[in-house]
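Visitor: I'm new to reading protein structures. Could you walk me through one, a feature at a time?
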Amino acid sequence: MSMPPPVVLPGPVVTDGGATLHRPAITYQSWGALNTLGDNAIVVCHALTGDTDAASWWGPLIGPGRLLDTDHYFVICLSVPGSPYGDLSPRTADPATGRAYGSAFPLVTVRDGVRLHRAVLEALGVREVALAIGGSLGGMFALEWGRQAGFVRAIAPIAVGARHEAWAIGWNEAQRQAIAADPDWNGGDYDPARPPRAGLAAARAIAMLSYRTPAIYAARHGRETAADGGFDVASYLRYQGEKLVDRFDAAGYVALTRTMDSHDAARGLSLEDGLADIEVPAFVLGIDSDVLYPLHEQEALAAALPDATLGVISSPHGHDAFLVAFEEMTACLAPWLARHLTPAVPA
């Protein structure tokens with residue numbers, strides 16, 4: 001499927017931190033068709049190293065007759081600012097200067113991202129979003145979409161909490177320090193022809209430990225040795241790092257982890273007070289083996305939201321279960337969606 005051109009917003013857009021984005025461009029992909037009322041959109045929000053091709057990483061959930069039914073809904077995934085897969089990142093040109101943002105790329109909070117995405121949806125003719133759904137970083141976006149009352153009818157944040165707690169911030173900081181230790185990093189103002197590959201690969205290895213579980217590592221690797229004589233698990237982590245540096249960008253990785261750290265849907269208040277204005281129906285999905293966003297965070301989130309249902313999937317895969325446990329996710333979500341998604345008028 002060919003990519004549609006990015007939507008260029010007229011700008012300037014001022015971020016929560018006071019930075020100005022001049023004519024920001026947002027990339028997207030979509031499946032299904034928008035109906036004449038413009039009210040059958042489902043927004044799928046991608047994770048840290050994900051892209052807008054949601055049908056590739058959530059394929060069993062998206063399509064005709066599937067959980068996110070493209071016979072009835074216009075399913076769309078928009079690029080999070082900072083992602084190297086999009087047209088607004090440290091490696092893209094700032095229209096104000098004509099040069100790549102580099103280290104000058106501003107912090108774009110989750111709230112900023114949702115505001116940008118809403119402007120794009122409205123430019124595409126969307127008048128109402130039936131559902132905003134996503135996991136991890138995408139779950140942060142899905143939760144923040146709940147504040148767009150009158151525009152969004154329901155939300156489903158997956159494998160995430162109400163705010164980025166110290167544990168998750170610490171994982172991100174360890175990864176950023178790994179990138180900063182790379183001699184080629186230069187604060188983000190590096191030569192694109194010589195990107196800091198070693199630092200990004202190390203960051204990915206760190207992240208992979210938080211995405212899985214001890215049980216999975218024991219079952220898949222144990223104390224087995226690889227062809228080079230080292231431990232098999234070490235070879236696996238090197239492989240994961242090498243794969244990421246071939247498709248991602250270190251400056252974008254830093255920008256996106258900073259966006260994740262900004263996540264605080266309660267905005268400094270208690271969860272009950274800070275989430276009281278998110279009144280749309282919410283399905284909060286947790287994973288019993290998630291060590292990055294432990295289940296107690298989803299339990300607290302669901303308890304604090306005014307109209308929330310908690311679902312839990314049991315999986316040995318940890319945080320990554322939202323990218324692999326499709327049958328379990330469908331079983332949890334389908335009954336709730338049947339109650340809260342009014343059948344849309346097809347295009």
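Guide: Happily! Let's begin with a term: two residues are in contact when they have heavy atoms within 4.5 Å. Keep in mind that this is a predicted model.

Visitor: Which residues is Ala 93 in contact with, leaving aside its neighbours within four places in sequence?
Guide: Gly 98, Arg 99, Ala 100 and Tyr 101. You will find Ala 93 in the loop between strand E9 (74-78) and helix H2 (110-123).

Visitor: Is Ala 93 buried, partly exposed or exposed?
Guide: A residue counts as partly exposed between 20% and 50% relative accessible area. Ala 93 has 45%, so it is partly exposed.

Visitor: Now the strands. How do strands pair in a sheet?
Guide: They pair through backbone hydrogen bonds, in either a parallel or an antiparallel way. Here, 7 strands make an open sheet with mixed pairing, ordered E5-E9-E6-E10-E11-E12-E13.

Visitor: Why do E5 and E13 each have one side without a neighbour in the sheet?
Guide: Strand E5 (28-31) and E13 stand at the edges and each has a single partner strand, so one side of each is left free of a neighbour in the sheet. From one strand to the next, the twist averages 15 degrees.

Visitor: How many bridges link E12 and E13?
Guide: There are 6, between residues 282-287 of E12 and 308-313 of E13, in the parallel sense. Between these two strands the chain passes through helix H10 (residues 295-304), giving a right-handed β-α-β crossover.

Visitor: Where does H10 lie?
Guide: Across E11, E12 and E13, at about 165 degrees to E12.

Terms used
Residues numbered from 1 in each chain as written. Predicted model: local features only at pLDDT ≥ 70, side-chain atom pairs only at ≥ 80, totals over all residues. Heavy atoms only, no water. Pairing = 2+ DSSP bridges. Helix = DSSP H or I, 4+ residues; strand = E, 2+ residues; numbered from the N terminus. Right-handed = clockwise from strand over helix to strand, strands pointing away. Buried < 20%, exposed > 50% of the residue type's maximum accessible area, 1.4 Å probe, protein only. Axes fitted to C-alpha atoms, helices over the stretch in contact; angles between N-to-C directions.
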